[in-house]
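Visitor: I would like a close look at one part of this model, the aromatic cluster. Please set it in the context of the rest of the chain.

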Amino acid sequence: MAGELSKMKMYISGEWVEPASGDYFETVDPFTAKPWALVPRGNSADADRAVRAADRAFREGPWRSMHPSERGRLIHRLGSLIEEHADSLAEIEVRDNGRLLAEMRHQIRYIPKWYYYYAGLADKIEGVVHPCDKPALSYSRPEPLGVCVGIVPWNAPLLLFSLKAAPALAAGNTIVMKPAEHTSATALKLMELVELAGFPPGVINVVTGFGKEIGEPLVTHPLTRHVGFTGSTATGAHLYSLAARDVKRVSLELGGKSPNIVFDDADLDNAVRGVVGGIFGATGQTCIAGSRLLVQRRIHDQFIEKLSAFSAAARVGDPRRAETQIGPIANSMQYDRVLGYIDIARQEGASLVLGGKRPALAECENGFFIEPTIFTGVKNDMRIAREEVFGPVLSTIIFDDQEEAVAIANDSEFGLAAGVWTSDMKRALRMSEQLDAGSVWINTYRDISYTTPFGGYKKSGLGRENGVEGIREYLQTKAVWLSTAEEIENPFVIG
């Protein structure tokens, strides 16, 4: 019963608070399809309270006057606490979004590196003295923006939270984060560690709820200066238009329909593993999923046979078990969406060679499970090849030569990522130059690092996360002129 579920609270200005409305909603375990906790249903009043708290902390609190080295120390301390509590955070994340426990433990143990990296950058944000041709000292200095709002999705909640929070804080901003309504638990749990780390009140705030009710008020709030969003292209474009009304800075990491291209000279066994990891890892619920498989004609049948056999042997089930390789879809709405795309693919004439339904296993009968699914005979103009499914569904397209592979790969409104499998390094480098994608992996797939910029081309996004480029999204440049002239010669003539 809902009354027996524990209630979470939002975190605003260093305090645990009830939602202004007093309303809550259930968060559901995707493995059991049963609710396990109640999440605060925030609204515009909560958004206003959180943004104003962050603005006060930016303008009046100790955060603004704190030396960057001290800010870095706090950020590093938060990373250490995440590392210390990684296993418990992983268990919460699995319960909220159904990802494999083994995967979440690995991912969350890696997350602290973002905090360590940006903690190290905090006191290395330097200005520039310009070689001025006027009688003046001219220099520029980077400064924080103010209140930064982060809105993150349900597929990797804590990781995507950190990709925004760590650089924003290192740049000297304050933040308000809104996790996806389906997966709010780890963001709220993280606030306990924020308290332990010793951050001043209002520097980091977390509010929860639905997009229109609290997400949009965060974006349109007059005190918000930056909006960072990860999610669908449609939602990102909508938030971009809202932010544009007040000329807010925006960074967007959006959808993808990424090609994974296998040439006939590739190590086929290794390529099979890479393709499987690219589409069936995380149950296909990643923006960088290699959902379009492009296979050179000469090896197509052989490769599909190997791929199907490997994928059919994948163990589907309880994400908490060490032997499980594919868990459930994260929520019921996405489950229905993925099944709908499988029906669309059939109607379009694609050939189903594997999966396409719920696994016939007792432990999968209640949760949101879908078998690894492979379609062949796909044309690049089919919806299954053009629209983001965000599930374990692979569309296979045949190509004859490199030029055709590039043409098919780039014939998409997205441009987030691409994979190339070949033993010819000259070809690999040429492909990396010709593909319209923000990340190109060669003989690997889905690798990311806190040191390496990540973002998309075309409708896959704006701006970059990670690396030095990631912190620049949260800074603005001020030019300063210090005159060395004894007097202004002619005030009516400038230049």
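Guide: The cluster comes first, and the rest of the chain follows. Keep in mind that this is a predicted model.

Start with the members. Ring pairs join Tyr 110, Trp 114, Tyr 117, Tyr 118 and Tyr 450 into one cluster. The whole structure holds 13 aromatic pairs. Take the pair of Tyr 110 and Trp 114. Their ring centres are 5.3 Å apart and their planes meet at 90°, so the pair is edge-to-face. The cut-off for that class is over 60 degrees between the planes. The two residues differ in burial class. Tyr 110 has 24% relative accessibility and counts as partly exposed. Trp 114 has 0% and counts as buried.

Trp 114 has another partner. Trp 114 and Tyr 450 also pair edge-to-face, at 6.0 Å centre to centre with 70° between the planes. Where do these two rings sit in the chain? Trp 114 belongs to helix α6, residues 112-121. Tyr 450 belongs to the loop between β20 (439-442) and β21 (457-458). The pair therefore ties together parts that are 336 residues apart in sequence. Both Trp 114 and Tyr 450 are buried.

Stay with that loop for a moment. Arg 446 is also in the loop between β20 and β21. Its phi is near 65°, a positive value in a residue other than glycine. Arg 446 is partly exposed, at 24% relative accessibility. Ser 13 also has a positive phi, near 55°, and is not a glycine either. Ser 13 lies in the loop between β2 (10-12) and β3 (15-17). Its relative accessible area is 26%, which makes Ser 13 partly exposed.

Rings also meet charges in this model. The charged end of Arg 71 sits over the ring of Trp 63, 5.7 Å from the ring centre. Arg 427 lies over the face of Phe 263, and here the distance to the ring centre is 4.1 Å.

Next, the annotated site. UniProt, in an unreviewed entry, places the feature "active site" at Glu 253. Glu 253 is part of strand β12, residues 249-253. Is Glu 253 buried or exposed? Its relative accessibility is 4%, so Glu 253 counts as buried; the cut-off is under 20%. Leaving out residues up to four places away in sequence, Glu 253 touches Phe 229, Thr 230, Gly 231, Cys 287, Leu 416, Phe 454, Ser 460 and Glu 465.

Now some strands. In β13, residues 259-262, Pro 259 and Ile 261 point one way, while Asn 260 and Val 262 point the other way. All of these residues are buried. Strand β13 runs parallel to β14 (residues 292-296), and four bridges join them. Pro 259 stands opposite Arg 292 in β14.

The antiparallel case is β4 with β5. Strand β4 covers residues 24-29 and strand β5 covers residues 34-40, and six bridges pair them. Asp 29 faces Lys 34 of β5. The two strands form a hairpin with four residues between them. In its turn, Ala 33 has a positive phi of about 60°.

One more helix is worth a look. Helix α9 spans residues 211-220, and its buried residues are Ile 214, Gly 215, Glu 216, Pro 217, Leu 218 and Val 219. What do the buried residues of α9 pack against? Two helices are on the list, α1 (44-59) and α10 (233-244). The strands there are β8 (147-151), β9 (174-178) and β11 (224-230).

Finally, the whole chain. The chain has 17 helices and 23 strands. Its radius of gyration is 24 Å, close to the 23 Å that the globule rule gives for 495 residues, so the chain is as compact as a globular protein of that length. The C-alpha atoms fill a box of roughly 80 × 60 × 40 Å along the principal axes. Buried residues account for 57% of the 495 residues. Among contacts with a separation of 6 or more, 73% are between residues 24 or more positions apart. The pair of Trp 114 and Tyr 450, with its parts 336 residues apart in sequence, brings us back to the cluster.

Note on methods. Residues numbered from 1 in each chain as written. Predicted model: local features only at pLDDT ≥ 70, side-chain atom pairs only at ≥ 80, totals over all residues. Heavy atoms only, no water. UniProt positions renumbered as here; feature names shortened; annotations may be inferred. Buried < 20%, exposed > 50% of the residue type's maximum accessible area, 1.4 Å probe, protein only. Contact = heavy atoms within 4.5 Å. Phe/Tyr/Trp six-rings, centres within 6.5 Å; stacked < 30°, edge-to-face > 60°. Lys NZ or Arg CZ within 6 Å of the ring centre and 35° of its normal. Pairing = 2+ DSSP bridges. Rg over C-alpha atoms; globule rule 2.2 N^0.38 Å.
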